[in-house]
Amino acid sequence: IRALYIGRFQPYHNGHHYVINQIAKEADELIIGIGSAQMSHEPADPFTAGERVLMITGALQDLHKPLYVIPLEDINRNVLWVSHVRAMTPPFHRIYSGNPLVIRLFHEAGIEVLSPAMYERATLSGTKIRGRIVSNELWEDYVPPPVVRVIQEIDGISRIRALNQDDG
Ligand code: ATP
Ligand code: MG
């Protein structure tokens with residue numbers, strides 16, 4: 001089984017990591033799709049697709065299974081989106097998602113969809129982690145250590161703070 005998991009990963013955090021390690025037990029190969037790949041330098045989408053590739057491959061370097069990390073740009077046409085995803089990814093047999101629109105679109109395309117349960121969602125959410133960075137609270141415990149290193153390497157903390165400042 002080759003399984004697909006899609007997220008924006010702004011940033012990749014321990015909730016994504018937990019779910020992907022669960023999926024890896026049920027799949028032979030993993031495809032991670034990076035959604036809204038064209039976005040970066042926005043408060044809700046601070047990191048580029050390439051930076052997110054680095055976070056994900058770093059965090060999953062010890063997964064002993066083939067891993068494909070594929071950026072997926074938005075096409076803003078939901079009815080064509082599954083075809084777009086299939087054009088960009090290796091062939092897959094199953095998708096894992098908790099997003100109702102993603103579930104609906106893949107279901108209508110006749111593709112098997114499984115929905116992983118949320119894991120510690122009170123703290124493990126991209127929005128909350130970005131908020132902690134902006135307000136100078138501890139955030140490093142909520143992402144895998146390789147993600148902390150990538151964010152440091154690209155000076156991501158100053159970027160997120162700058163993106164959240166207004167121009168006075
Ligand atoms: P944001 O707050 O920026 O939307 P997010 O934490 O929801 O970030 P996404 O990249 O939007 O992360 O989500 C990708 C996928 O990961 C979605 O299907 C989402 O339901 C799932 N996910 C997010 N957080 C968790 C979590 N704590 N446990 C399990 N799945 C999660
Ligand atoms: Mg989300």
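In this predicted model, Arg 2 stands opposite Glu 29 of strand β2. This pair offers a handy way into the sheet, as it belongs to the ladder between two neighbouring strands: β1, covering residues 2-7, and β2, covering residues 29-34, run parallel and are joined by six bridges.

Stepping back from that ladder, the sheet can be taken as a whole. It is open and consists of five strands in the order β3-β2-β1-β4-β5, with parallel pairing. Its edges are formed by β3 (67-71) and β5 (112-114), each of which pairs on one side only. On average, neighbouring strands of the sheet are turned by 25° against each other, direction ignored.

The sheet is best read together with the helices. The protein chain holds five strands and seven helices, and along the sequence these follow the pattern β-α-β-α-β-α-β-α-β-α-α-α. Helix α1, made up of residues 14-26, lies across β1, β2 and β4 (94-96). Relative to β1, helix α1 runs at about 170°.

A further packing arrangement involves two helices. Two packed helices are described by the angle between their axes and the distance between the axes. For helix α3 (residues 78-88) and helix α4 (residues 100-108), the axes come within 9 Å and cross at roughly 75°. Angles of 65 to 115 degrees count as roughly perpendicular, and α3 and α4 are therefore roughly perpendicular to each other. On the α3 side, the residues that meet α4 are Asn 78, Trp 81 and Val 82; on the α4 side, Leu 101, Leu 105 and Phe 106 take part. By residue class, this contact comprises five nonpolar residues, one polar residue and no charged ones.

Finally, some overall figures help to place these local details. Along its principal axes, the C-alpha trace of the protein chain spans about 50 × 35 × 25 Å. The radius of gyration is 16 Å, which agrees with the value near 15 Å that a compact globule of 168 residues would have. Of the 168 residues in the protein chain, 32% are buried. Among contacts with a separation of 6 or more, 70% are made by residues 24 or more positions apart. The parallel pairing of the sheet illustrates this kind of link along the sequence, with residue Arg 2 standing opposite Glu 29.

Note on methods
Residues numbered from 1 in each chain as written. Chains lettered and ligands numbered in written order. Predicted model: local features only at pLDDT ≥ 70, side-chain atom pairs only at ≥ 80, totals over all residues. Helix = DSSP H or I, 4+ residues; strand = E, 2+ residues; numbered from the N terminus. Rg over C-alpha atoms; globule rule 2.2 N^0.38 Å. Buried ≥ 20, exposed ≤ 12 C-beta atoms within 10 Å, placed from the backbone. Contact = placed C-beta atoms within 7 Å. Pairing = 2+ DSSP bridges. Axes fitted to C-alpha atoms, helices over the stretch in contact; angles between N-to-C directions. Parallel < 35°, antiparallel > 145°, perpendicular 65-115°, else oblique. Nonpolar A, V, L, I, M, F, W, Y, C, P; charged D, E, K, R; others polar.
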